Amino acid sequence: MVNKLAVKQVETEEELAEWFSRSRDMLLLCDLHRGWSGPCDTLAPTFEAMTIDIDNAENRVAFLAVEVPKLAPKFAELVGSDTVTPSPQYYQGAEGGEPQPVDFSKKGCSPLFVAVRSGKIVAVVEGADRPALSKVVEEYLPSVAEDEEEGPEG
């Protein structure tokens with residue numbers, strides 16, 4: 001069976017805005033990557049595996065690949081900032097070091113994941129940190145509405 005929840009490549013500003021409009025009811029986990037490096041394919045199976053035990057997952061979480069700097073201006077407009085700071089609870093930097101803001105339009109090739117709910121950044125994970133990304137999904141995944149019959153069209 002093919003999992004419908006594969007990482008979705010966001011190609012245009014309109015697609016990005018559409019996904020953000022859905023973030024009121026769902027968690028968006030955005031892989032911000034440079035065009036030449038591509039999205040973090042290593043974690044795609046992890047994202048698919050995360051959804052196996054989630055009821056109504058297609059309406060509660062989306063894993064998005066967002067190319068920067070191509071879509072950086074629109075992303076910055078939607079989140080209200082052109083920098084993000086890795087969440088301290090998920091920061092794996094130098095021992096004793098504090099997370100520093102990252103200008104996502106100028107980031108390098110290391111993975112940068114930004115979790116969005118209701119159009120706001122709720123968590124940032126720098127690097128391909130499976131345990132941290134699992135915690136983000138667990139912590140910010142919206143609950144299932146009891147009367148939820150259908151999800152957003154897509």
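What share of the contacts in the chain with a separation of 6 or more comes from residues 24 or more positions apart? It's 73%, where contact means heavy atoms within 4.5 Å.

Quick housekeeping, then. This is a predicted model, so local features need pLDDT of at least 70 and side-chain atom pairs count only at pLDDT 80 or more, while totals for chains, interfaces and linings use all residues. Residues are numbered from 1 along each chain as its sequence is written, and side-chain values use heavy atoms, with hydrogens and water left out.

Okay, the overall layout. We've got four helices and seven strands; those are DSSP runs numbered from the N terminus, helices being H or I with at least four residues and strands E with at least two. Along the sequence the pattern reads β-α-β-α-β-α-β-β-β-β-α. Of the 154 residues, 43% are buried. Buried here is under 20% relative accessible area, exposed is over 50%, and partly exposed is in between, with a 1.4 Å probe and protein chains only.

Let's go to strand E3, residues 61–68. Seven of its eight residues are buried. E3 pairs with E2 in the parallel sense over eight bridges, and with E1, residues 8–10, also in the parallel sense, over three. Pairing means DSSP finds at least two bridges between the strands. Look at Leu64 in E3: Lys8 stands opposite Leu64, and so does Cys30. Leaving aside neighbours within four places in sequence, Leu64 also touches Trp19 and Leu28, among others.

How do E2 and E3 connect? Together with helix H2, residues 44–50, they make a right-handed β-α-β unit. Right-handed means that, with the strands pointing away from the viewer, the path from the first strand over the helix to the second runs clockwise.

Now the packing. A nonpolar core is a set of buried Ala, Val, Leu, Ile, Met, Phe, Trp, Tyr and Cys residues joined through side-chain atoms within 4.5 Å. The largest one has 24 residues, and Leu64 is among the members that touch the most others, along with Leu28, Leu32, Val66, Phe75 and Phe104. H1, E2, E3, H3 and E6 each supply at least two residues of this core. There's also a second, separate core of 20 residues, including Phe47, Val61, Ala132 and Val137.

Helix H3 has Ala72, Lys74, Phe75, Ala76 and Val79 buried, and yes, that list has a lysine in it. Their cover includes H1, E2, E3, E6 and strand E7. Just after H3, Gly80 takes a positive phi of about 80°.

Last bit: charges. There are four salt bridges, each a side-chain nitrogen of Lys or Arg within 4 Å of a carboxyl oxygen of Asp or Glu. Lys70 pairs with Glu11, closest N and O atoms 3.8 Å apart. Lys70 sits in the loop between E3 and H3 and Glu11 in the loop between E1 and H1, so the pair ties together parts 59 residues apart in sequence. Glu18 and Arg22 meet at 3.3 Å, N to O; both lie in helix H1, four residues apart, about one turn. Arg22 is buried at 13% relative accessibility, whereas Glu18 is partly exposed at 39%.

One more for the road: what does Arg130 in helix H4 contact, leaving aside neighbours within four places in sequence? Thr42, Leu43 and Thr46. Arg130 and Leu43 are 87 residues apart along the chain, with C-alpha atoms separated by 7.5 Å.
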